[in-house]
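Me: I would like to learn how to read a few features of a structure, beginning with how copies of a chain meet. Could you take me through them one at a time?

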Protein chains: 4
Amino acid sequence: MCRFLAWTGAPRFLDELVLDQKQSLVEQSRNALIGKTPINADGFGLAWYGDHGDRSTPCLYKDTHPAWSDPNLKQLAQHIKSRLFLAHVRASTGMATSRNNCHPFAFDNWCFMHNGQAGGHELFRQKLEMLIPTELYGSRFGATESEAIFLIALGHGLQTDPIGAMARAVAEVEALAEAHGQIPFMRFAACWSDGKRLFAARMASDRFAPSLYVCTCATGHIISSEPLDDGPEKWVEIKAGTAIEVTPDKIIHHAFTADSTVTPDAA
Amino acid sequence: MCRFLAWTGAPRFLDELVLDQKQSLVEQSRNALIGKTPINADGFGLAWYGDHGDRSTPCLYKDTHPAWSDPNLKQLAQHIKSRLFLAHVRASTGMATSRNNCHPFAFDNWCFMHNGQAGGHELFRQKLEMLIPTELYGSRFGATESEAIFLIALGHGLQTDPIGAMARAVAEVEALAEAHGQIPFMRFAACWSDGKRLFAARMASDRFAPSLYVCTCATGHIISSEPLDDGPEKWVEIKAGTAIEVTPDKIIHHAFTADSTVTPDAA
Amino acid sequence: MCRFLAWTGAPRFLDELVLDQKQSLVEQSRNALIGKTPINADGFGLAWYGDHGDRSTPCLYKDTHPAWSDPNLKQLAQHIKSRLFLAHVRASTGMATSRNNCHPFAFDNWCFMHNGQAGGHELFRQKLEMLIPTELYGSRFGATESEAIFLIALGHGLQTDPIGAMARAVAEVEALAEAHGQIPFMRFAACWSDGKRLFAARMASDRFAPSLYVCTCATGHIISSEPLDDGPEKWVEIKAGTAIEVTPDKIIHHAFTADSTVTPDAA
Amino acid sequence: MCRFLAWTGAPRFLDELVLDQKQSLVEQSRNALIGKTPINADGFGLAWYGDHGDRSTPCLYKDTHPAWSDPNLKQLAQHIKSRLFLAHVRASTGMATSRNNCHPFAFDNWCFMHNGQAGGHELFRQKLEMLIPTELYGSRFGATESEAIFLIALGHGLQTDPIGAMARAVAEVEALAEAHGQIPFMRFAACWSDGKRLFAARMASDRFAPSLYVCTCATGHIISSEPLDDGPEKWVEIKAGTAIEVTPDKIIHHAFTADSTVTPDAA
């Protein structure tokens, strides 16, 4: 399991959420309060969007040391200001500690990060490789089921149907896990973005969907695996089986099922 | 392309070949004299066999920094004495600089290292994954074609037919490359071992098989991508299309073709 | 604070203590039961002695990732058998996570590892550099007070008076800390060796000396920051203000004060 | 020896100089054309200034792998746009490959990078530590003479006299080297900045000052260890014994001697 957070709203320095909160993401890397793994120290990653019209891809910074001891992470978080960013600390469920297994993953202007697992992944790793669309395999850099889900979702049309395609990808991997019989077949909390909207979803094949919260503050919205501070009334739990679509000015709720569809972004 | 060397014979400290020769492997990491890439600094690896009957697997030490700057490599090479060891410095042909992409690769008591390429690998990476036997996919840790060839060879019976199985694996990957049309389809120099015998082979689908030499000295045999010193008469080139089987007391020459077979080790 | 263990006795595989115990050193890297810092994931190190008469220095393997995720550590621990070894997992008290700040430290045939702190180190770092004998400064590789204490002890005659010299070095650094006024002036648990004998000591300028235990088993002795298993009766606490000198066949108790002296090793 | 470049002028993406030139800095990391060490692969670093009035310190990104294989470097260079940045690739002259030994070094709004050496540094490392002002020792993170020169220059008043203070620091370290008698006493090419102006200087105690060039283009100025492209007429060599002060709109030439002074920045 892992921990993550994301921001959309007025540009702000990353360290305000990644480092400076009571239960900041870096604090969660050594002492997560919710979830199975208090230590999330098998690497980390940042993805942020800038305002350079000609370069709309997110900038990725990922590395393999614990987030708490990486001086580059501290430097970047203190100096980068962004209107939309994602940050992740990893607790491996089996695959190696390597940069390519760190989240977020990116493809064109899209990026994705995940907390969860597909039970028995080690039993069907090769079959999972086969589910990745061949034309996207050049973007298969690591060995996690998380990156695979992202690429499969892209194959299902993530770019035009951001929630439905993700739900179908998750269902496909869940079915693969179920065929191999090792529970839990799927536990999934994730967050993804095209650089304009932030999407988040939560589901599980059993009653234990990984934790996921959204918090609305004066200048934007935070999505986070766990509340960053002691103001619990602000932190709204995203319900299992649902997804949200977040822009600076509003949150739209969706079911998170293979039948879900979201109107393509008009812009 | 990469550089490598191996030893079988009387136990000796690794540094005698890895560090202390005029053209030692570490020197080749920054200044290879033969081959396309003078710099081989995208990681390195060691595999050595001990004499602990109950633990017959090779010990692997692999890391991602240039060999010349890794103090652990220097420490280990100065303190480990072994009767049979392999050492490799990597120049990536595309895949990431990560520990799991460093050679040698190991499976049970076998290990393998490689210098070469399958042309257009990036075009058929997913198909190459499919050639790996499913029952061995749990040992697919990285993304190189080198590791894939090793696992495919294991599927072809490497443990009982160490040269023929390797030749068939190489032919299979070569055919895959040929089907995608990007030359050179296969350039291959490799060295592998079961902990008792050392095997080495050299071939190419064109006229440019990667360099490979064998040198017999008083206490054993060295296999190396290039001569380690200025005594050229000692360094015998292994001919393209051939393989050798080396034990401390002799060298047996074989053709390296899909039809080759080697009598299983009697021991 | 950090965690460590050491072995002297019949040769054994390192993994038996580093990996395979209920509360093994790797387990302590993520879940130490005693001490202030349950997570000790700012690097680790091994030092082991071989039986190659011509190379009597210890072999060091140190790296900066958490011990639990380092595949090289696992490989080495599974394949290296040694009659005398030291192993350490680090929790930084301020200095960077870098290989040169990882323990054990070595000089000739001696090596040293430490758990503790000198209060206000950041205030007198430069003065501490000055305490290191000039002729040993070429062996000052990192920035920790631990390495400084080792080099200062060498300057006080560690090689002929292994306990008294260490006690004088600790007293000297303690006095420096006291002059800067930040408590605790000194907390110290350490283990060091010349390749024949293992020394361990424990002291503090207050009542909170870091934990340290010794356990005698059939084939030798274990020194450890905390018991490795649930057999508490076997684990004898080393008292604050004392040191022990351990050889495969006996344990000699000493006071650990600046006046202590140990008869030089006759061998 | 090392290689570096810097930019001041209209904001531009870092990759335009770091990655995309014929003889870009990353190309220089494996194939420098001028200087003693064609390979500069012992780490690298970036420092760039943003336009966030409240955070005027440079952002540092430094790591220990070769620049050519670091995906984070590529990501940052492709996404960060800056009006003033410095970039460096390192070839160690003895000290370890560690992040804290990578350039640029920073203190408040100042940063500094260096190519050169003080002959016999290993003989007077401890004395060099003593030259660092005690009140700045908390910013002594690594072990290079380069970082020491920067901190000594800060002690000499770098912030108010950016060229004279640097020249005095260099003279002080040169005198220390001379006292130990190992030539060359000082070879020095460096670049430093307060976030507004870029300074560069070149000198040597013998006739072999490290190479250093300045190039004026339409939107600003480049300082570089070697020309980045085949337009030699644009690349003006900075003469040994001189320094330049560069702002987007002009270049001021100075002697680089202990007597040099620069009028403090009026802003």
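Reply: Let us begin with the interface: 100% of the interface residues of chain B are also interface residues in chain D, so the copies meet through the same surface. This is a predicted model, in which local features need pLDDT of at least 70, side-chain atom pairs count only at pLDDT 80 or more, and totals for chains, interfaces and linings use all residues. Residues are numbered from 1 along each chain as its sequence is written, chains are lettered from A and ligands numbered from 1 in the order in which they are written, and side-chain values use heavy atoms, leaving out hydrogens and water.

Me: By what turn and shift can chain B be laid on chain D?

Reply: In general, two copies of a chain are related by a rotation about an axis and a shift along it. Here a turn of 180 degrees and a shift of 0.0 Å along the axis lay chain B on chain D with an RMSD of 0.0 Å (a least-squares superposition on the C-alpha atoms of residues with pLDDT of at least 70 in both), which is the relation of a two-fold axis. The C-alpha of chain B nearest that axis belongs to B:His65, 3.0 Å from it.

Me: How many disulfides does a search of the whole structure find?

Reply: A disulfide is a covalent bond between the sulfur atoms of two cysteines. With the criterion of a pair of cysteine sulfur atoms within 2.5 Å, the search finds zero over all chains. For B:Cys2, the nearest cysteine sulfur is that of B:Cys102, 9.3 Å away.

Note on methods:
Contact = heavy atoms within 4.5 Å.
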